[in-house]
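Me: I would like to go through this model piece by piece. Short questions, short answers, please.

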Amino acid sequence: MPTEAGLPRTPESFLPKEHNLYRPRHSKRQRTALACAAFFFVTPLFLSAVGVHPAAFENRPLREFPSLSEGWGFFTGLSGWATDHLPLRQAGVQAADAVGTGVFGDPPGSGQGTNHNGGTVGVDQGKPDNGDVPGYVYPTVLPGKDNWLYLGEDVNARCRPVMDTDHVVGALRKLRAAVEKSGRKFELVIAPDKYSEEPAHLPDTYVGKPCAQARTAEFWNRVPRETGAIDLRPALADAEKRVGHPLYDRNDTHWSFDGGLVMTYALGAAIAPGSTTGWQAAPNGVRPWPADLARVLGRNEQRQLTTYSLSTDGGADRTRYIASDFKSPLRLTQPDGATPTGSIARNMAVVADSFTQFASPFLAATCQDVTIVHAETVAQSSAPEMTSLFADRDIVTFELVERSVIGGSSALLRDQTIDLLGQVLAAHPR
């Protein structure tokens, strides 16, 4: 604080207004800034109190209100919470994207600014196509040709893996051994990324193209052969020819119910050879489904997915379309304990991710008793929780999306998770 000889140290705001060092305690600009800050943080609280709640639209949950127990994290977390809960934020993101794309010709998603890792959404036109670029942040959404969108993480997982392919293969073999040593049957099915299954619409050049393509080729050349994983790609290609359109939509990362049906047939043939010969499936309607990549960009778009009936014995349709993210286990059994011809007889657990959402109606039709649980739930489970999930199961199936395996990011590939699962299963042999 400045002082003058013979005068006590005095705050600038307490000096006489005529003094050349006088500064008001709160200037008009400061007051305006404080008012804006108060509006920014208080408005979401007020709207929540009167029952107005924002919806998540960026393929992730909204940030929760920070806890006072987080210390300084409470203050640093307020900004993200307030941003997520701003009124009309989704409309603003959509407007910015429309202006950026329609007026300035920016790639879709540029109006969002940065992705959750700090990188710009869209194609970085200034980067050379020379593989991975140190310091480069891969986009959340990679725009392709013909308005197709791809998940940027599909490239990131391939170019910056946390495990090399040798370690991925070793972990999957260890997982198989942990299950089979307990007397149970093990099946592994890998759901191909849209990046692998529908490459024709990828942009001609993008950062990471060489390393992503090389890793994809290595993965599919080795993993099914060396781990016994079911390779769905030939069956998916046949199904695409049969239905006459891609099984992955331009604005979503997942396959359709057609892909889920392919997965179910493949599992049935692997678990009970010959059982699928009497299965009868037929299209029976259309079901809307939110498009996740469009939603990341702030757009509300619906996929129109063909649904199917499925009977294992030529009789009644036994499908059940039940919405679930499998974070809480979903158990499906045949009504009245029925055992229709062609059904998979033994108890099965399916450790899954979101791709199994499109297979669950058909698993309900073909399995006498199946429990579906998300891979993240299993990875976070204690021994008692794993026991409740797997102790009475005769078959343990893992469905893992390619991106979670190809770079080794899945927690199910960690030694501690596999070791705990092996201990639980060994304690309850079949």
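Reply: One definition before we start. A crossing is left-handed if the near helix is turned anticlockwise from the far one by less than a right angle, and right-handed if clockwise. The model is a predicted one.

Me: With that in hand, what is the hand of the crossing of H5 and H7?

Reply: Helix H7 covers residues 209-227. H5 and H7 pack with their axes 10 Å apart, at an angle of about 25°. By the definition just given, H5 passes H7 in a crossing that is right-handed.

Me: How are H5 and H7 oriented to each other, parallel or perpendicular?

Reply: The angle between H5 and H7 is about 25°. Angles under 35 degrees count as roughly parallel. Therefore H5 and H7 are roughly parallel.

Me: How many charged residues are in the contact of H5 with H7?

Reply: H5 contributes Thr-165, Asp-166, Val-168, Val-169, Leu-172, Arg-173 and Arg-176. H7 contributes Arg-215, Glu-218, Arg-222, Val-223, Glu-226 and Thr-227. The nonpolar residues number 4 and the polar ones 2, while the charged ones number 7.

Me: Now the contact of H13 with H15. How many charged residues does that one hold?

Reply: On the H13 side are Ala-383, Met-386, Thr-387 and Phe-390. They meet Thr-417, Leu-420, Leu-421, Val-424 and Leu-425 of H15. The contact divides into 7 nonpolar and 2 polar residues, and the charged count is none.

Me: What word describes the orientation of H13 to H15?

Reply: H13 spans residues 383-390 and H15 spans residues 415-427. Their axes lie 9 Å apart, at an angle of about 60°. The crossing is right-handed. The angle makes H13, relative to H15, oblique.

Me: Turn to the open sheet of 6 strands. Which are its edge strands?

Reply: The order is S4-S3-S10-S8-S9-S7, and the pairing is mixed. An edge strand pairs on one side only. Here those are S4 (230-231) and S7 (330-333).

Me: In S9, which residue is the bridge partner of Leu-330?

Reply: S9 covers residues 369-374. S7 and S9 pair in the antiparallel sense, over 4 bridges. Across from Leu-330, the bridge partner in S9 is Ile-372.

Me: Which strands of the sheet does H5 touch?

Reply: H5 covers residues 165-180 and packs on the sheet. Its direction makes about 150° with that of S3. The strands touched are S3 (185-191) and S10 (395-401).

Me: At what angle to S3 does H9 run?

Reply: H9 is residues 257-271. This helix lies across S3, S4, S8 (348-352) and S10. Its angle to S3 is about 155°.

Me: Next, S5 and S6. Which residue in S6 stands opposite Pro-283?

Reply: S5 (residues 280-290) and S6 pair in the antiparallel sense over 10 bridges. S6 is residues 302-311, and 7 of its 10 residues are buried. Opposite Pro-283 stands Tyr-308.

Me: Is Arg-184 buried or exposed?

Reply: Arg-184 lies in the loop between H5 and S3. Its contacts include Phe-390, Asp-394, Leu-425 and His-428. Buried means under 20% relative accessible area. Arg-184 has 3% relative accessibility, so this arginine counts as buried.

Me: How far apart in space are Arg-184 and Arg-393?

Reply: The two residues are in contact. In sequence they are 209 residues apart. In space, C-alpha to C-alpha, the separation is 7.8 Å.

Me: Asp-146 has a positive phi. Is Asp-146 buried or exposed?

Reply: Asp-146 lies in the loop between S1 (141-143) and S2 (149-151). Its phi is near 55°, a positive value in a residue other than glycine. A relative accessible area over 50% is needed to count as exposed. Asp-146 has 57%, so this residue is exposed.

Me: And Phe-326, buried or exposed?

Reply: Phe-326 sits in the loop between S6 and S7. Its phi is positive too, near 65°. With 0% relative accessibility, Phe-326 counts as buried.

Me: Last one. What percentage of the residues of the protein chain count as buried?

Reply: The chain has 15 helices and 10 strands. Of its contacts with a separation of 6 or more, 68% come from residues 24 or more positions apart. Of the 430 residues, the share that counts as buried is 46%.

Key:
Residues are numbered from 1 along each chain as its sequence is written. This is a predicted model: local features need pLDDT of at least 70, side-chain atom pairs count only at pLDDT 80 or more; totals for chains, interfaces and linings use all residues. Side-chain values use heavy atoms; hydrogens and water are left out. Two strands pair if DSSP finds at least two bridges between them. Helices (H or I, at least four residues) and strands (E, at least two) are DSSP runs, numbered from the N terminus. Contact means heavy atoms within 4.5 Å. Axes are lines fitted to C-alpha atoms, for helices over the stretch in contact, and angles run from 0 to 180 degrees between N-to-C directions. Angles under 35 degrees count as roughly parallel, over 145 as roughly antiparallel, 65 to 115 as roughly perpendicular and the rest as oblique. Ala, Val, Leu, Ile, Met, Phe, Trp, Tyr, Cys and Pro count as nonpolar, Asp, Glu, Lys and Arg as charged, and the others, Gly among them, as polar. Buried means under 20% relative accessible area, exposed over 50%, partly exposed in between (1.4 Å probe, protein chains only). Lists of a residue's contacts leave out its neighbours within four places in sequence.
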